[in-house]
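Open the model in your viewer and keep the selection panel at hand. The stops below go from single cysteines to a sheet and the helices beside the strands.

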Amino acid sequence: MSAIAFRPRLLETLRGYNRAMLRADLMAGVTVGIVALPLAMAFAIASGVPPQAGIFTAVIAGALAAALGGTRLCVTGPTGAFIVILYGIVSKYGVANLLICTFMAGAMLVLMGVFRLGQVIRFFPMPLITGFTNGIAVLIFLTQLKDFFGLPIAKMPSGFFAVMAELSRHFAGLHWPTTLLSSSLLLLILLWPKRLNRLLPSPFAALVLATLATMLLDLPVATLGSRFGGIPQGLPAPAGLDLNPAHLSDLLAPAFTIALLGAIVVDSLTADRHDANQELIGQGIANMVVPFFGGIPATGAVVRSVTNIGNGARTPLAAVFHAALLLLVLLLAAPLAAHVPLAALAAILVSVALKMGDWDIRKARQFPRHDTLVLVVTFALTVAFDLTVAVEIGLLLAAVFFIRSMASHTGIHRLLPEHAQLFERHSMAGKSVPDGCAAFRVEGALFFGAADSVDIILRDAPRARAVILQLHRLVLLDTTGLLALEALRARLAEQGKTLILCGAADEVMAMLEGSRLAERLGEDNLQPDLASALQRAEAVLTDGVVWG
């Protein structure tokens with residue numbers, strides 16, 4: 001592997017930096033910071049940790065990922081995609097182990113970047129991503145109903161069935177002042193004119209109005225102060241992690257899920273050149289640092305990145321300015337957060353859930369049935385059981401369907417003289433197959449899912465003493481395919497027959513030589529094209545020579 005290059009995008013974009021770029025980045029960063037403030041607190045509370053943990057994460061991870069990452073306009077912070085899995089970790093193992101899990105996920109992201117796996121994430125099928133994203137949206141919606149309606153539930157459980165049982169048990173205790181406040185705020189967010197979002201983002205407007213109303217009207221609703229005692233001023237001093245080796249094996253699976261979710265960044269929204277591996281390293285380092293300050297996992301955030309782009313950001317400094325604004329809020333305005341009603345944060349998260357899902361079921365009609373099945377199964381498993389299980393089974397289903405599709409496009413077809421009459425440019429044009437010879441063309445992929453297709457050769461040409469396989473349309477050959485070719489060579493040799501391969505591409509030829517199959521076939525039985533292979537077959541049939 002070539003030497004690891006550490007090239008943060010920030011260093012590149014600072015060349016030629018000028019006052020106009022600074023003004024654009026500063027304005028965009030301030031706007032993104034305003035958007036991020038209510039979201040950071042809401043995501044933290046929904047994940048089972050105090051609201052300040054979300055702000056700490058947005059400040060530290062937002063600045064580090066911008067400074068060390070490989071994208072220009074992506075903004076990093078806590079996101080809704082993590083809520084379900086983080087709440088499950090906190091409920092089962094506690095906050096201390098969530099911090100360990102965050103560090104582990106960060107280390108995994110760094111390793112993915114070091115081993116240049118940035119492009120692997122793009123091979124995740126869209127039905128899988130849509131399925132678990134919609135599932136996460138449903139779970140976020142359900143878990144916010146407690147604070148949205150002011151239900152008398154001490155702590156929401158994790159898991160769909162437990163949540164539904166708890167909601168149904170306490171729904172009669174609906175608190176009308178909280179319900180009216182949250183419903184009004186949700187309508188405000190959903191109906192807020194788009195033209196005003198650039199000046200005053202709807203979540204921030206809802207947060208400010210709800211806080212003022214609670215303070216001035218003394219509304220009888222739960223607030224950050226009554227639930228959490230408010231928010232401390234400034235960042236905490238770094239502290240060590242409370243490592244419990246007994247839980248490490250249990251945390252591996254959720255940490256890996258967090259790492260995968262974290263790797264699905266939004267840098268493609270910028271339509272800009274980026275380094276996906278550097279981005280993984282930058283986000284990984286950010287996630288390794290935030291737990292020492294009580295932070296939670298972070299990744300590229302869609303809403304904040306879109307806001308950053310839409311407000312004219314030019315470089316990663318815009319994301320750094322967004323983090324600086326949040327730090328300024330912590331230092332100067334933290335006491336005011338005690339008056340923020342939980343109903344406002346619940347309304348913001350309900351709006352996030354409604355917007356993050358793709359609810360147009362008519363699109364399913366355009367999908368192949370197997371893609372629709374992957375989407376539905378992933379969605380159902382995410383909602384009913386566990387995000388980690390949903391991703392694993394969804395990937396397995398998608399892989400099985402892909403393998404089946406690839407196998408269905410693999411074919412071994414016998415080449416006959418009449419093909420030249422049907423197709424003027426057919427490889428059989430101007431050629432004839434000598435008596436005692438059978439020629440076949442291999443098309444598609446000869447891999448573990450289709451290796452048994454080689455058996456058709458022995459069935460279709462039992463009397464042939466020379467068998468030609470034309471490989472110029474073979475796009476993939478794996479170890480199982482190689483073993484199938486070796487088994488075919490051996491069986492033909494046992495019967496005193498010869499196998500001749502022709503037209504192999506460079507990559508396929510390298511595999512034939514590396515496996516020593518080429519050596520066992522003999523140099524004369526590896527020909528560059530069909531014409532040469534037919535000449536070789538005629539010589540074999542005339543001389544009675546058999547290789548192998």
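Select cysteine 74: with a relative accessibility of 7%, this residue counts as buried. The model is a predicted one, so read each stop as a computed value.

Go next to cysteine 502. It is buried too, its relative accessible area being 1%. Now show the cysteine sulfurs. Which cysteine has the sulfur closest to that of cysteine 502? The answer is cysteine 437, at 9.9 Å, which is too far for a bond. A disulfide here requires two cysteine sulfur atoms within 2.5 Å, and by this rule the count is zero disulfides.

Cysteine 502 falls within strand E6 (498-502), so colour the sheet now. The sheet is open and has five strands, in the order E3-E4-E5-E6-E7, with mixed pairing. At its edges, select 411-415 for strand E3 and 526-527 for strand E7; each of these pairs on one side only.

Move inward to strand E4, residues 437-446, and strand E5, residues 466-477. Nine bridges join E4 and E5, and the pairing is parallel. To see one partnership, pick alanine 445, whose bridge partner in E5 is leucine 476.

Now add the helices. Helix H23, residues 506-514, packs on the sheet and touches E5, E6 and E7. The direction of H23 makes about 115° with that of E5. Finish at helix H25, residues 530-543, which also packs on the sheet. The contacts of H25 are with E3, E4, E5, E6 and E7, and its direction makes about 150° with that of E5.

Key
Residues numbered from 1 in each chain as written. Predicted model: local features only at pLDDT ≥ 70, side-chain atom pairs only at ≥ 80, totals over all residues. Heavy atoms only, no water. Pairing = 2+ DSSP bridges. Helix = DSSP H or I, 4+ residues; strand = E, 2+ residues; numbered from the N terminus. Contact = heavy atoms within 4.5 Å. Axes fitted to C-alpha atoms, helices over the stretch in contact; angles between N-to-C directions. Buried < 20%, exposed > 50% of the residue type's maximum accessible area, 1.4 Å probe, protein only.
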